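Q: I am new to this structure and should like to learn how its features are read. Where should a reader begin?

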Amino acid sequence: MLQPRIPVNPLPPSHPAPTATTEPVTTPAPVAVPAPVPSTAPRNSVQLTPGSAVALAAGGGAVVLVVGAVLVSMLLAVAISAASIAVVTVVLRLLVRDMQKGR
């Protein structure tokens, strides 16, 4: 259904359409091609020394600890906010109920 449809010309033209004017074709002068620059062998992989592997592991652990601390503190802030809103709701319900009884 959504496949592209390429128009097909069943009868190609027998001769090209004539152009208005024809100009002589000039050949450009050959351009000197610069010599290729020798390239160094590309490195396919990163080589880790034992010291850099330890540093990488320590850095990754530090990132995990920082992100975990941030997420836990955000969760704690939401929990404290929810608890305080629940307490305020209970107090307001009690005050409204007392006002309706006329005390």
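A: One begins with the secondary structure. This is a predicted model, and its protein chain holds one helix and zero strands.

Q: What span should helix 1 have, and how far apart are its end C-alpha atoms?

A: The span follows from the rise along the helix, 1.5 Å a residue. Helix 1 has 52 residues (residues 50–101), so it should span 76 Å; the end C-alpha atoms lie 76 Å apart, which agrees.

Q: Which residue follows helix 1?

A: Glycine 102 follows helix 1, and its phi is positive, near 85°.

Q: What share of the 103 residues counts as buried?

A: Buried means under 20% relative accessible area. In this protein chain, 0% of the 103 residues count as buried. The accessible surface of the chain is about 10400 Å², with 72% belonging to carbon and sulfur atoms.

Q: Is leucine 71 buried or exposed?

A: The cut-off for exposed is over 50%. Leucine 71, found in helix 1, has a relative accessible area of 51%, and is therefore exposed.

Q: Which residues make the nonpolar surface patch?

A: Val63, Val66, Val67, Val70, Leu71 and Met74 make this patch of about 540 Å².

Terms used:
Residues numbered from 1 in each chain as written. Predicted model: local features only at pLDDT ≥ 70, side-chain atom pairs only at ≥ 80, totals over all residues. Heavy atoms only, no water. Helix = DSSP H or I, 4+ residues; strand = E, 2+ residues; numbered from the N terminus. Expected span 1.5 Å × (residues − 1). Buried < 20%, exposed > 50% of the residue type's maximum accessible area, 1.4 Å probe, protein only. Areas by Shrake-Rupley, 256 points an atom, 1.4 Å probe, with all protein chains shown as cover. Patch = residues over 30% accessible without salt bridge, like charges linked within 9 Å, V, L, I, M, F, W, Y side chains within 5 Å. Salt bridge = Lys/Arg side-chain N within 4 Å of Asp/Glu carboxyl O.
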